[in-house]
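Please open the model in a viewer and keep the selection panel at hand. The tour proceeds by selections, each followed by what is found there.

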Amino acid sequence: MSILFSPLTIRSLTLRNRLWVSPMCMYSAEDGVVQEWHHTHLTQFASGGAGLIIAEATAVVPEGRISPRDAGIWTDEQRDAWAPIVEAIHDRGAAAGIQLAHAGRKASTWWPWADEQGSVPAAQGGWTTVAPSAIAFQGFAEPEALDTAGIDALVTAFADAAKRAVDAGFDVLELHGAHGYLLHEFLSPLSNRRDDDYGGSLGNRARLLLRVIDAVREAAGATVPLFVRISATDHAEGGFTPDEAAQVGGWATEHGADLIDVSSGGLVAHQQISVFPGYQVPLAESVRQGGRIPVSAVGLITAAEQAEQVLVDGAADAIFAGREWLRDPHFALRAAHELGADVAWPPQYDRAHWR
Ligand SMILES: Cc1cc2nc3c(=O)[nH]c(=O)nc-3n(C[C@H](O)[C@H](O)[C@H](O)COP(=O)(O)O)c2cc1C
């Protein structure tokens, strides 16, 4: 019996397996509105057997986009563009999630294949970024420190975005609290030097994240699974630590989060990160605290046996993969085949099922 291909129930949702698609920015939206590219990109993973597909970091306000080409969900038009994608994912037997995001001081940057790098100037469609403190990410423009009214407005923006996402049909909401974006910037002492209720102690640094969880839970209702992606370490001296991550994971679940999606890094350019197969699995295991907190593992998990072993070892409850799905959109069908797990194949593909 494969654990990877056993179902998982979270609140009202039962996922057909535990091999999921990690959120991946496509930098292909127009004014935050997702396009035909997103439709093809996301639905192929549902045909390929994914249990859950989390759509890319999707900005809750225009200034929260990493680049001008990021997806958004701050307007009804953007919501309505997501709806047929969600429906097509459902038609193919998978669940659909969306990652609600604000890029903070790492917003307003060029997309990866643009001719330029770094911050986009205002004259070319860029904007002033916001952050907990006026400390720039290396090579990017200096952000403005948010005031209390700005923080309150952000909490409301996350809640409004959550409501729109549920209305678009999404089954799962994920808050992007990782990779050096706004919610992570509040968590880390390297980017948060505030001396008010949102800075200093871990409780204060986590206050915004917990407020957003409360507001999103309230807006989304009691039945919708809510995940939080965190960077469980900054891989840098004086940064956010795995012990703090375990503490914040506990608080997040007490506030209504259902699963902590454990990633790492992205806060500072000088991070010292050593990357190898499954490199973030020990962080997931540490946040999981022996099963007290449901977690997912992600990061260079690229093979069926490897993914299965993470679950057998009790290091995580589910697996996210990113790049392996880009190499093979039918990763889950292939993994099930390799593990001998009898999953439902699309009838159109059934001739590839056993032999
Ligand atoms: C093209 C691309 C876009 C990404 N965009 C996001 C994103 O929007 N949100 C996020 O949390 N992580 C993002 N990531 C990170 C992935 O979700 C994943 O955590 C990372 O690639 C490690 O997993 P992997 O080794 O299976 O690819 C992105 C990664 C790639 C390759």
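Select the ligand and the side chain of His-176: an oxygen atom of the ligand lies 3.2 Å from an N or O atom of that side chain, a polar contact being a pair of N or O atoms within 3.5 Å. The model is predicted, with local features needing pLDDT of at least 70 and side-chain atom pairs counted only at pLDDT 80 or more, whereas totals for chains, interfaces and linings use all residues. Residues are numbered from 1 along each chain as its sequence is written, and side-chain values use heavy atoms, leaving out hydrogens and water.

Add Ser-22, where a side-chain N or O atom is 2.7 Å from a ligand oxygen. Then add Gln-99, whose side chain places an N or O atom 2.8 Å from a nitrogen atom of the ligand. Taken alone, the ligand exposes 610 Å², of which the protein buries 82% (Shrake-Rupley method, 1.4 Å probe).

Next, select the shell around the ligand, counting residues with a heavy atom within 4 Å. It holds 15 residues, and the closest are Ser-22, Gln-99, Leu-300, Gly-322 and Arg-323. By class, seven are nonpolar, six polar and two charged; Ala, Val, Leu, Ile, Met, Phe, Trp, Tyr, Cys and Pro count as nonpolar, Asp, Glu, Lys and Arg as charged, and the others, Gly among them, as polar.

Finally, select Ala-57, Gly-64, Ile-66, Asp-70 and Ala-101, which lie nearest the centre of the largest cavity among its 13 lining residues (on a 1 Å grid over the protein atoms alone, a cavity is a set of points where a 1.4 Å probe fits but cannot get out; lining residues have an atom within 4 Å of a point). The lining comprises seven nonpolar, four polar and two charged residues.

Methods. Polar contact = N/O pair within 3.5 Å; in protein donor to acceptor, adjacent residues only side chain to side chain. 1 Å grid on protein atoms, 1.4 Å probe; cavity = no way out; pocket = protein on both sides within 12 Å on 5 of 7 lines; lining within 4 Å.
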